[in-house]
Amino acid sequence: ISLGGNASTFGILSSGSLEGGNITITSTTGEIDASRGALKSDSTNGMGGNVTLEAEGNITTTAIDSRSTNADAGAIQIISNSGDVDTTLGRLKSSSSLGSGGDVTITAAGNITTDDILADGEYNQNNSSANGGNITITSTSGTIDTTASLLTSLASNNAGNVNFTAARDILTGGIYSYSSGSGTGGSISLESTGGIVDTTLGPLVSYSTTGTGGDVTISAWNNISLGGNASTFGILSSGSLEGGNITITSTTGEIDASRGALKSDSTNGMGGNVTLEAEGNITTTAIDSRSTNADAGAIQIISNSGDVDTTLGRLKSSSSLGSGGDVTITAAGNITTDDIFADGEYNQINSSANGGNITITSTGGAIDTTAGELTSFASNNAGNVNFTAARDILTGAIYSYSSGSGTGGSISLE
């Protein structure tokens, strides 16, 4: 199937004030070429229509747009049963000015390559029940590449979830799931069952202004490389009610989080846990789990057969008014760190606030913390500090300090 149009005209348009119609294109044994003109269904007062493309072979598109002004947008679905999907010639957009965005789903046996994908509902707090759509991309035997694009699910209420699953590599640009109100920032999940995950060209952000940040989960068979730079996060999960967990797992490879910080924070709820586990080396810049009024989350880094190097930034699990979280590093090889802070409130505003424990274990290498200092402060009990290494242990200053009637934590270097 080959569709018409050009850069200034639609290939297919279904538009009505009360409702836009559905657009459905199906090729039983062939391909779909929608690269010339946009496919659009829109409405002012009713729903935008669903846009569905399914083919046995390759599917190529320019812009696809389901839109409504005062109601909800329709869903966009693209399915290639045995070929590739390429939408790099135009963005996929399911959006509403005052309603909810629609889901955007791409499924292919082969490679999937995209331009921008926008699944945005109203997000200026004119409709507090407006949600963002989910973005789901699945390649059963190929690669997912969204590096040419920006993916967003924005809304006044709940933002949508973003889920990528690929048999081979996953390469992304920026991904944002953002609630401007009391809803949740959507979860972000990237899973490569047989390749790498590379997000170096953009941050992963799940955010809620007065609600809960979503979990961010990355898993890969091989290496994982995260994005950000000195002024931007690699991963951020933030919400006034709670920060989401950040979990990064490489089954056989390494984790490189050296470019941008990993952060989960909350004002009124708990900071999320941050967990990194790899078979090989792990390198990080700053990792931060933080809360203002509640407890911080735990930070855990595990390398099963390699080294851990966190000298490019501090590890901080801290709370202004609650307890600090535990910080744990375990590696088969050498462990080298910058500052590590596991501090709870320590100005006697909350006499039950505790410091977190700091535990570092190298089963076959050395521990070197001389580039930073380690602290566990609290109004109540300070945390314990325990180092165990098969080889040398080299430290800078270590402080476990209770400002109240609690105990200073034990310090053990073995």
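**Exercise 1. Find which residues L262 touches in this predicted model, leaving out residues up to four places away in sequence, and place L262 in the nonpolar core.**

Solution. Begin with the contacts: once residues up to four places away in sequence are set aside, L262 touches L226, I235, I246, I248, A257, V274, L276, A286, I287 and D288. Next, turn to the largest nonpolar core, which has 68 residues. L262 is one of the core members that touch the most other members, and the others named with L262 are F164, I218, I235, I248 and I360. Finally, put the two steps together: I235 and I248 are on the contact list of L262, and both also belong to that group of core residues.

**Exercise 2. Work out how strand β20 is paired with β17 and with β23, and say which residues lie on its covered face.**

Solution. Start with the strand itself, which spans residues 188–192 and has a covered face made of I188, L190 and S192, while S189 and E191 form the uncovered one. Then look at strand β17 (residues 162–166), which pairs with β20 in the parallel sense over five bridges. Within this pairing, F164 stands opposite L190 of β20, and F164 is also among the residues that touch the most other members of the largest nonpolar core. Now consider strand β23 (residues 216–220), which pairs with β20 in the parallel sense, again over five bridges. Here the bridge partner of S192 is A220 in β23.

**Exercise 3. Determine whether the partners in the salt bridges D33–R36, R259–D256 and D265–K263 are buried or partly exposed.**

Solution. The count of salt bridges comes to six, and these pairs are taken in turn. The side chains of D33 and R36 meet at 3.4 Å, N to O; D33 counts as partly exposed because its relative accessibility is 23%, and R36 counts as partly exposed at 42%. For R259 and D256, whose side chains also meet at 3.4 Å, N to O, the values are 35% for R259, which counts as partly exposed, and 23% for D256, which counts as partly exposed as well. In the bridge between D265 and K263, the closest N and O atoms are 3.5 Å apart. Since buried means under 20% relative accessible area, D265 counts as buried at 16%, and K263 is buried at 15%.

**Exercise 4. Describe where K40 is found and what surrounds it.**

Solution. First, K40 is found in strand β4, which covers residues 38–43. Second, K40 is buried, because its relative accessible area is 14%. Third, beyond residues up to four places away in sequence, K40 touches F10, I12, L13, S14, I23, D65 and R67.

Key:
Residues numbered from 1 in each chain as written. Predicted model: local features only at pLDDT ≥ 70, side-chain atom pairs only at ≥ 80, totals over all residues. Heavy atoms only, no water. Core = buried A, V, L, I, M, F, W, Y, C linked by side-chain atoms within 4.5 Å. Buried < 20%, exposed > 50% of the residue type's maximum accessible area, 1.4 Å probe, protein only. Contact = heavy atoms within 4.5 Å. Salt bridge = Lys/Arg side-chain N within 4 Å of Asp/Glu carboxyl O. Helix = DSSP H or I, 4+ residues; strand = E, 2+ residues; numbered from the N terminus. Pairing = 2+ DSSP bridges.
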